[in-house]
Amino acid sequence: MKTILLAAGRSRRVKPIEDKNFLRFCGKFLIHYQIEALAGAGFDDLILVVGAHNLERLNALAQTMSKEHGGPVVTVVEQKDLAAGMAGAVLSARPHVKKDEPIVIVSTNDVMDPSAYQLLWDAAQNQNFSSFIVGKTVTEYFPGGYLNVDKENRIEGLVEKPGAGNEPSNLVNLVLHLHKKSDALFDAIESTQTDRDDRYEVALDALIKAGHRMQAIPYSGYWQAIKFPWHVFPVARYFFEKSTQNKKGPIIAATAKVEDGARIIGNVIIEEGAKIMAGATVVGPAYIGKNCIVATNALVRESFLGERCVVGFSTEIARSVLGDDVWTHSNYIGDSVIGDNVSFGAGCVTGNLRFDEKEIDVVIGKGKVSSGMNKLGLFTGDNIRVGINTSFMPGIKVGSNSLIGAGTVIAQDIEEGSYARGEVTLKISPNKIGGMPPRPH
C-alpha cells in the first residue's frame, strides 16, 4: 500500500507564511509530524508530492527521515503543473504505484489526531467497500465539502460548500482517503474534465455513479485545517499539549539556564541552551526553543518560540507563535504569527483589538475574510526588519524580505520585497511659553 502525501500547495491563503509544511511547532516542522504520525499508524511507504518551490527543502527533509535513518520509505515526486490542484498531485504519483495497488491520500493541510489513521486502517478491512473517506463530525456549519451518506454511511455523493442549513450530513470530507483499486481512481481522474478546482471530487462522484462502493468513516477527534494564517494558533497549542501530555509543571532541559529571580508558571517547555534571565516571567502554555534568551523584565505568556529568539528587555509576547531568530527589544507582540529572521526595533507594537472589539477581518486575495477572532495581531513572512516606534494595526500582513521604516503606523498589508516608510514633516516654531518653571522640591 502506498500513501500519497500532498505537499505541493503554494500556501496562497496563508501568505505571508511561505510554506505550511515548514511551520515549526515545539521544535519540529509540520511535515515532520505528519510523516511520523502516518508511519506510526502503519502507513510507512510514502509518496511525497511536492512542487518546484519546495522540492529541494522537502527532498532534504525526506532523506533525513528515510528508512536508512529508521523512518519510513519516502519517495519524493514533483508535481509539474501546480494549477492542476489535488487531481494533478494524485496523478503525479501514478508512475510510482503498482497496478491496482491500494493507495491512501492525505493532505499536509489537515492536522488530526493519529487515531484517525487507525480508524481508516481498521475500516479498510471491510470487504464490502472499495474506497473509504474519513468524515469529521461537526455540530455547526463548516465552509467545506460534505459527504452525502445513507443510513449505513455508504457515500452517495460529495457536496462542496452547501451553505448553512443545506448540509447533506454532519460529515465534513477530510483529505484522508483510502482506495483499494488505485487504477480505477487514476482512470476516473484522467477522464474527468471540469472548469473548477474540483476535478478529484468530480472523479469520485463519477466512480460512485458507476457503482463504486465508498464508505464514510465518522471521526470526532481533533482536526484543524490550516487554510488561513490564524489557524496556526490552535495547531501550535495542539502540538504543545501533545508534547506535555500526562506531565504537569515545567520541562526544563539540562543545559537550559533559569536564573534566580525568574518565574516559570504552569506548563512550560524550555529547550537546550535557552536562558531565562532574572526578572523574566514565562507563563504556560509556553514553549521556549533552543538557545533562546528571555531577558530581564520580559514576559512570555501562552506563546511558542522557535530557536535562537531574543525576547529583549521589557518585551511582552502574548498568545503568539514566533519562528527562528526573532529579535525584540521593548516591544509588545500580541496574537501574532512571526516568521524566521525578523527583528523589531525598540518601541514597536502590534495592535490586536479594534475599538469596537468586533471580529477582525483579514485581506485574503482580493477580498476580506473574518478571522472569527476579536484579538488578532500581525502576520509576517521571513527576513524582515522593522524600525523603532512602528505600530501595526490588527490583522496586518507583511511579506518576506521587507523593510519597515521607523516611526510609522502600518494600516495596510505590505507585499513581499517592499520598503515601507512614512513621511514625517518636522515643524519648528518659536517657544512662546518661555523658560520652564522649576519643579517643586
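Q: What is meant by a pocket, and what makes a residue part of its lining?
A: A pocket is an open set of grid points with protein on both sides within 12 Å along at least five of seven lines, and a lining residue has an atom within 4 Å of such a point. The model considered here is a predicted one.

Q: Which residues lie nearest the centre of the largest pocket, and how many residues line it?
A: The lining consists of 47 residues, and those nearest the centre are Arg13, Gly85, Met86, Asn109 and Asp197. The volume of this pocket is about 1,600 Å³.

Q: Which helices and strands each supply at least two residues of that lining?
A: They are α3, β10 (155-160), β11 (171-179), α6 (199-209) and β13 (223-225).

Q: Why is Asp183 described as buried or exposed?
A: The relative accessible area of Asp183 is 12%. Buried means under 20%, so Asp183 is buried.

Q: What makes Lys99 and Asp183 a salt bridge?
A: Their side chains meet with a distance of 3.5 Å from N to O. The pair links distant parts of the chain, with Lys99 in the loop between α3 and β6, Asp183 in helix α5, and their positions 84 residues apart. A salt bridge requires a side-chain nitrogen of Lys or Arg within 4 Å of a carboxyl oxygen of Asp or Glu, and therefore this pair qualifies.

Q: Is Lys99 classed as buried or exposed, and how do you know?
A: Lys99 has a relative accessible area of 73%. Exposed means over 50%, so Lys99 is exposed.

Q: How do you know that Arg94 and Glu190 form a salt bridge?
A: The side chains of Arg94 and Glu190 meet at 3.1 Å, N to O. This pair also joins distant parts of the chain, for Arg94 is in the loop between α3 (85-92) and β6 (103-107), Glu190 is in helix α5 (residues 182-190), and the two are 96 residues apart. The limit is 4 Å, so the pair counts as a salt bridge.

Q: Why are Arg94 and Glu190 called partly exposed?
A: The relative accessible area is 22% for Arg94 and 44% for Glu190. Partly exposed covers the range between 20% and 50%, so both residues belong there.

Q: What closest N and O distance is found between Glu307 and Arg308, and how many salt bridges are there in the whole structure?
A: A search of the whole structure finds 20 salt bridges. In the one formed by Glu307 and Arg308, the closest N and O atoms are 3.1 Å apart. Glu307 counts as buried, at 18% relative accessibility, whereas Arg308 is partly exposed, at 35%.

Q: Which residues of helix α2 are buried, and why are they said to share a side?
A: In helix α2 (residues 55-64), the buried residues are Leu58, Leu61 and Ala62. They cover an arc of only 100 degrees around the axis, which puts them on the same side of α2. Glu56 and Thr64 are exposed on the other side of α2. The buried residues are covered by elements including β3 (28-29), α1 (30-40), β4 (45-50) and β5 (73-78).

Q: What is the strand order of the open sheet of nine strands, and what makes β15 and β39 edge strands?
A: The order is β15-β18-β21-β23-β26-β29-β34-β37-β39, with parallel pairing. β15 (257-258) and β39 (419-420) each have a single partner strand, so one side of each is left without a neighbour in the sheet.

Q: How do you know that β37 and β39 are paired?
A: Two bridges join β37 (residues 403-404) to β39, and the strands run parallel. Pairing requires at least two bridges, so these strands pair. Within them, Leu403 stands opposite Tyr419 in β39.

Q: Where does the chain have cis peptide bonds leading into Pro16 and Pro285, and what are the omega values?
A: The bond from Lys15 to Pro16 is cis, with omega near 15 degrees, and Pro16 is in the loop between β1 (2-6) and β2 (24-25). The bond from Gly284 to Pro285 is cis, with omega near 0 degrees, and Pro285 lies in the loop between β19 (281-283) and β20 (286-288).

Q: What is the phi of Cys26, and what is the phi of Ser314?
A: Cys26 has a positive phi of about 50 degrees although it is not a glycine. Cys26 is in the loop between β2 and β3 and is buried, with a relative accessible area of 17%. Ser314, also not a glycine, has a positive phi of about 60 degrees. Ser314 lies in the loop between β23 (310-311) and β24 (316-318) and counts as partly exposed at 39% relative accessibility.

Technical notes: Residues are numbered from 1 along each chain as its sequence is written. This is a predicted model: local features need pLDDT of at least 70, side-chain atom pairs count only at pLDDT 80 or more; totals for chains, interfaces and linings use all residues. Side-chain values use heavy atoms; hydrogens and water are left out. Buried means under 20% relative accessible area, exposed over 50%, partly exposed in between (1.4 Å probe, protein chains only). Helices (H or I, at least four residues) and strands (E, at least two) are DSSP runs, numbered from the N terminus. The arc is that of the directions from the helix axis to the C-beta atoms. Contact means heavy atoms within 4.5 Å. On a 1 Å grid over the protein atoms alone, a cavity is a set of points where a 1.4 Å probe fits but cannot get out, and a pocket is an open set with protein on both sides within 12 Å along at least five of seven lines; lining residues have an atom within 4 Å of a point. Grid points are joined across faces, edges and corners, and a volume is the space filled by probe spheres set on the points.
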